[in-house]
Amino acid sequence: MAASKPSHLSGEAMEVSVEAGNRGDEERLDDDGRPRRTGTMWTASAHIITAVIGAGVLSLAWAMAQLGWGPGLVAMVVFAAISYYTSTLLANCYRSGDPVAGKRNYTYTEAVRAILGGAQVKLCGVIQYANLVGIAIGYTIAASISMLAIKRADCFHDKGHKNPCRSSSNPYMILFGAVEILFSQIPDFDQIWWLSIVAAVMSFTYATIGLSLGIAQTVANGGFRGSLTGVSVVAGVSPTQKVWRSLQAFGDISFAYSYAYILIEIQDTIRAPPPSEAAVMKRATMVSVATTTFFYMLCGCMGYAAFGDTAPDNLLTGFGFYEPFWLLDVANAAIVVHLVGAYQVFVQPLFAFVEARAAARWPGSRFLSREVRAGPFALSVFRLTWRTAFVCLTTVVAMLLPFFGDVVGLLGAISFWPLTVYFPVEMYIKQRGVRRWSTRWVCLQTLSAACFLVSVAGAVGSTAGVMGAVKLHRPFSGY
């Protein structure tokens with residue numbers, strides 16, 4: 001009897017140990033069986049700010065110059081309000097049904113599939129992922145322009161402002177692409193929170209430098225420049241050009257607030273309730289939109305106040321400023337670091353989509369699943385091949401069409417209405433059962449229709465700008 005007692009106790013200990021192990025595993029997993037999410041309002045805000053305060057902020061002075069003080073300020077406030085409101089609608093779509101325990105939708109497209117379904121799912125997917133590809137191209141262009149601006153700023157300082165200091169941007173696009181190939185091997189969104197925080201700090205750095213230089217230039221000018229209605233027709237600009245540029249300015253401003261199409265993916269990094277992910281995301285959206293709008297208005301307004309109707313389409317690389325050259329170098333270096341992180345924030349949802357489809361199509365494939373981990377990086381043959389090919393493709397297209405301002409306006413105009421307004425509004429109406437022709441339904445549809453007209457107008461103006469730039473550019477020349 002005495003000999004059997006230890007055996008009995010050993011069995012009990014083993015059973016308790018297994019149960020404790022199971023509980024430990026459960027504590028490390030969320031309600032959907034995935035590793036426990038750790039994101040907070042602050043990390044979500046950092047992701048949004050990284051996505052929003054990007055290359056778009058640098059074109060706002062030019063946008064203000066086309067619209068003038070009156071329409072320009074109104075446009076920024078209106079786009080900010082619309083983006084915030086529709087983002088709060090979209091935050092409610094992360095879970096289907098119950099906002100705390102309902103089924104999770106991991107991506108924007110999944111939310112559309114769960115709530116709207118049908119042909120709208122394919123339409124949303126095409127628009128969203130095409131836009132993410134476009135943003136990757138746009139950020140490659142912007143990063144190369146900033147790297148080139150560092151070299152040119154040093155050249156102007158050494159050889160004088162009248163020296164053309166011409167140089168190709170192609171080597172810098174290739175360098176940026178090589179860096180993105182490396183960071184693209186980080187497997188998913190939740191593991192790049194640190195990169196987003198670094199990028200957010202960099203965005204504040206160059207926005208603050210641009211703002212400070214604008215203030216200094218305004219003081220040196222002895223007052224504010226600009227007018228109530230922007231660039232005048234009599235100042236060497238034809239009536240048609242005035243219209244196209246004004247429309248493109250709307251596209252630039254809408255691009256500056258583009259992040260709705262990655263909001264669900266960002267929300268999927270937030271830790272489980274309580275409070276609900278939607279509540280946390282709404283607070284993160286409020287903090288982020290308020291912060292970015294404050295910076296946008298300061299940078300856009302002070303850039304316009306400093307240069308008036310001659311404001312460049314990129315405040316820190318268009319050489320409205322020449323000195324202090326070292327400060328311009330710091331600002332442009334900060335832009336490059338920020339865009340490295342912003343690129344990843346935007347393309348990770350696309351990477352996840354393609355890899356999920358491949359895994360579903362070829363389950364159990366070692367080509368897809370076998371990987372080697374090294375710190376935050378997870379290397380697999382498929383991930384290395386596909387992600388590298390994607391970065392190379394966006395880099396080649398960027399070398400073909402390096403038109404920063406025109407590309408920014410076109411991307412913003414094309415994506416603003418469907419992704420920022422239409423789908424969030426339609427999902428909210430369906431999810432909440434808003435009755436057709438009720439006051440709320442009419443107001444939401446009126447908002448959607450108005451934004452549709454603005455998007456069409458912005459796309460037309462930006463397309464005209466791109467076509468004009470193509471006529472003056474030699475492909476792959478880098479100039």
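This is a short talk on a predicted model of one protein chain, covering its overall make-up, its cores, its aromatic pairs and a few single residues.

Two notes on method come before the structure. Residues are numbered from 1 along each chain as its sequence is written, and side-chain values use heavy atoms, with hydrogens and water left out. In this predicted model, local features need pLDDT of at least 70 and side-chain atom pairs count only at pLDDT 80 or more, while totals for chains, interfaces and linings use all residues.

I will start with the whole chain. The secondary structure comes to 16 helices and 4 strands; helices (H or I, at least four residues) and strands (E, at least two) are DSSP runs, numbered from the N terminus. Of the 479 residues, 54% count as buried. Buried means under 20% relative accessible area, exposed means over 50%, and partly exposed is in between, with a 1.4 Å probe and protein chains only. The accessible surface is about 20800 Å², and 68% of that belongs to carbon and sulfur atoms; the areas come from the Shrake-Rupley method with a 1.4 Å probe, and for residues only the protein chains shown count as cover. Among contacts (heavy atoms within 4.5 Å) with a separation of 6 or more, 83% are between residues 24 or more positions apart.

Next, the cores. A nonpolar core is a set of buried Ala, Val, Leu, Ile, Met, Phe, Trp, Tyr and Cys residues joined through side-chain atoms within 4.5 Å. Which members of the largest core touch the most other members? They are Ile253, Phe390, Phe423 and Met427, out of 119 residues. Helix α12, residues 325–361, gives the largest share of this core, 16 residues. A second, separate core has 5 residues, including Ile137, Ile141, Met173 and Ala398. Back in the largest core, and leaving aside neighbours within four places in sequence, Met427 is in contact with Leu90, Cys93, Ala111, Val112, Ile115 and Leu116.

Ile253 also appears among the buried residues of helix α9, together with Lys242, Gln248 and Asp252. Helix α9 covers residues 239–256, and its 18 residues should span 26 Å at 1.5 Å a residue; the end C-alpha atoms are 26 Å apart, which agrees. The expected span here is 1.5 Å times one less than the number of residues.

Now the aromatic rings. The structure holds 14 aromatic pairs. Rings of Phe, Tyr and Trp (its six-membered ring) pair if their centres lie within 6.5 Å; planes under 30 degrees apart count as stacked, over 60 as edge-to-face and the rest as tilted. Phe79 and Phe416 form an edge-to-face pair, 5.0 Å centre to centre with 70° between the planes. Phe79 is in helix α4 (residues 69–91) and Phe416 in helix α15 (residues 404–432), so this pair links distant parts of the chain, 337 residues apart. Phe79 is buried at a relative accessible area of 6%, and Phe416 is buried at 1%.

Tyr129 and Phe353 have ring centres 4.4 Å apart and planes at 20°, so their pair is stacked. This pair also links distant parts of the chain: Tyr129 is in helix α6 (residues 119–159) and Phe353 in α12, 224 residues apart. Is each ring's residue buried or partly exposed? Tyr129 is buried at 8%, whereas Phe353 is partly exposed at 29%. As for α6 itself, its 41 residues should span 60 Å, and the end C-alpha atoms are 59 Å apart, which agrees. The residue after α6 is Gly160, with a positive phi near 100°.

One aromatic cluster is formed by Tyr108, Trp417, Tyr422, Phe423 and Phe452.

I will finish with three single residues. Thr420 is in helix α15 and counts as buried at 1% relative accessibility. Beyond its neighbours within four places in sequence, Thr420 is in contact with residues including Ser83, Thr86 and Ala260.

Ile270 is in the loop between α10 (263–267) and α11 (277–307), and it too is buried, at 1%. Ile270 and Trp42 are 228 residues apart in sequence and 9.9 Å apart in space, C-alpha to C-alpha.

Last is Trp437, in the loop between α15 and α16 (439–472). Trp437 is exposed, with a relative accessible area of 64%. Most residues other than glycine have a negative phi. Trp437 is not a glycine, yet its phi is positive, about 70°.
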